[in-house]
Amino acid sequence: PAITLLQVRAFAGKVKAYFPTDPAKPKKPPAPEVVYYNQIKKERRFQGLPAAVARDIAKHEWGALPPARREAVELQVQQSLELYQREVDEYQNSGKAQAWLDQYPLAKKEQQEAAELKEEQKRERARRAQEKADEKARAKAEKAALNAEKQRKAADLKAERKQKAAELKAEKERKAAE
């Protein structure tokens with residue numbers, strides 16, 4: 001079968017484009033907790049239990065595991081990690097990694113374009129958020145200006161009324177004095 005440049009995977013209603021991984025690339029060993037779970041999940045007490053329940057039990061047991069047993073599992077994982085690192089170095093030095101990448105000449109460019117597009121979308125979201133914040137600030141400033149104008153007009157009206165009242169009072173006093 002021909003190797004396609006880009007494969008599409010549908011999961012939970014979402015479609016994700018991805019570049020397939022090299023089947024010859026060494027697989028990273030699991031964490032110590034996972035190794036412990038894989039060792040004990042075959043025990044009789046876990047038979048018939050849902051995997052999630054068995055994992056929870058193993059997780060709690062791992063936390064309470066005696067140091068000697070824990071160190072044995074961690075040593076096993078450490079040895080696996082060392083072997084994995086040697087295999088990765090051998091894989092890189094053998095040219096298999098480059099050969100796999102050479103099958104996808106546009107992969108690096110497309111990944112870079114995808115990263116640039118993602119960054120551009122991030123900048124666009126930030127720009128829109130900034131515009132929205134600016135619009136809110138502008139609306140707030142306009143509202144404050146309108147309120148200040150209303151207060152100024154109210155103060156002017158009040159002063160005008162006081163002046164009219166004072167004029168009327170003065171006229172009444174003048175008429176009363178006549």
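**Exercise 1. The end of helix 3**

Task: State which residue follows helix 3 and what sign its phi has.

Solution. In this predicted model, helix 3 is followed by Gly95, and the phi of Gly95 is positive, near 90 degrees. The next step is to place the neighbouring elements. Helix 3 covers residues 67–94, and helix 4 covers 96–102. Lys96 belongs to helix 4.

**Exercise 2. The surroundings of Lys96**

Task: Determine whether Lys96 is buried, partly exposed or exposed, and identify which residues it contacts beyond its neighbours within four places in sequence.

Solution. First, consider accessibility. The relative accessibility of Lys96 is 48%. Exposed requires a value over 50% and buried a value under 20%, so Lys96 counts as partly exposed. Next, consider contacts. With neighbours within four places in sequence set aside, Lys96 is in contact with Asp22 and Tyr91. Tyr91 is among the buried residues of helix 3. Finally, consider distance along the chain. Lys96 and Lys25 are 71 residues apart along the chain, and 8.3 Å separates their C-alpha atoms.

**Exercise 3. The overall arrangement**

Task: Give the number of helices and strands in the protein, their order, and the share of residues that is buried.

Solution. The protein contains five helices and two strands. Read from the N terminus, the order is β-β-α-α-α-α-α. Of the 178 residues, 13% are buried. The exposed area is about 15,100 Å², of which carbon and sulfur atoms supply 55%. Among contacts with a separation of 6 or more, 58% join residues 24 or more positions apart.

**Exercise 4. The length of two helices**

Task: Compare the end-to-end span of helix 2 and of helix 3 with the span expected at 1.5 Å a residue.

Solution. Begin with helix 2, residues 51–63. Its 13 residues should span 18 Å at 1.5 Å a residue, and its end C-alpha atoms are 18 Å apart, so the two values agree. Proceed to helix 3. With 28 residues, helix 3 reaches 40 Å from its first C-alpha to its last, close to the expected 40 Å.

**Exercise 5. The two faces of helix 2**

Task: Identify the buried residues of helix 2 and the exposed residues on the face turned away from them.

Solution. The buried residues of helix 2 are Ala54, Ala58 and Trp62. These residues cover an arc of only 75 degrees around the axis, and therefore they lie on the same side of helix 2. The face turned away from this buried side carries the exposed residues Lys59, His60 and Gly63. The cover over the buried residues includes helix 1 (32–40) and helix 3.

**Exercise 6. The largest nonpolar core**

Task: List the residues of the largest nonpolar core and state which helix supplies its largest share.

Solution. The core has eleven residues: Val35, Tyr36, Tyr37, Ile40, Phe46, Ala54, Ala58, Trp62, Leu65, Val73 and Val77. Helix 1, helix 2 and helix 3 each supply at least two of these residues. The largest share, four residues, comes from helix 1.

The packing of the individual helices can then be examined. The buried residues of helix 1 are Pro32, Val35, Tyr36, Tyr37 and Ile40, and they pack against helix 2 and helix 3. In helix 3 the buried residues are Val73, Val77, Tyr84, Val88 and Tyr91. Their cover includes helix 1, helix 2 and helix 4.

**Exercise 7. The aromatic pair**

Task: Describe the geometry of the pair formed by Tyr36 and Trp62, and explain which parts of the chain it ties together.

Solution. The count of aromatic pairs is one. Tyr36 and Trp62 form this pair, with 5.7 Å centre to centre and 50 degrees between the planes, an arrangement classed as tilted. Tyr36 lies in helix 1 and Trp62 in helix 2, so the pair ties together parts that are 26 residues apart in sequence.

Accessibility is the next step. Tyr36, at 4% relative accessibility, counts as buried; Trp62 is likewise buried, with a relative accessible area of 7%. Beyond residues up to four places away in sequence, Trp62 touches Pro32, Glu33, Tyr36, Arg70, Val73 and Glu74.

**Exercise 8. The position of Glu71**

Task: Decide whether Glu71 is buried or exposed, and give its C-alpha distance to Pro32.

Solution. Glu71 is located in helix 3. Its relative accessible area is 52%, so Glu71 is exposed, given that exposed means over 50%. Glu71 and Pro32 are 39 residues apart in sequence, and their C-alpha atoms are 9.5 Å apart.

Methods. Residues numbered from 1 in each chain as written. Predicted model: local features only at pLDDT ≥ 70, side-chain atom pairs only at ≥ 80, totals over all residues. Heavy atoms only, no water. Buried < 20%, exposed > 50% of the residue type's maximum accessible area, 1.4 Å probe, protein only. Contact = heavy atoms within 4.5 Å. Areas by Shrake-Rupley, 256 points an atom, 1.4 Å probe, with all protein chains shown as cover. Expected span 1.5 Å × (residues − 1). Arc of directions from axis to C-beta. Core = buried A, V, L, I, M, F, W, Y, C linked by side-chain atoms within 4.5 Å. Phe/Tyr/Trp six-rings, centres within 6.5 Å; stacked < 30°, edge-to-face > 60°.
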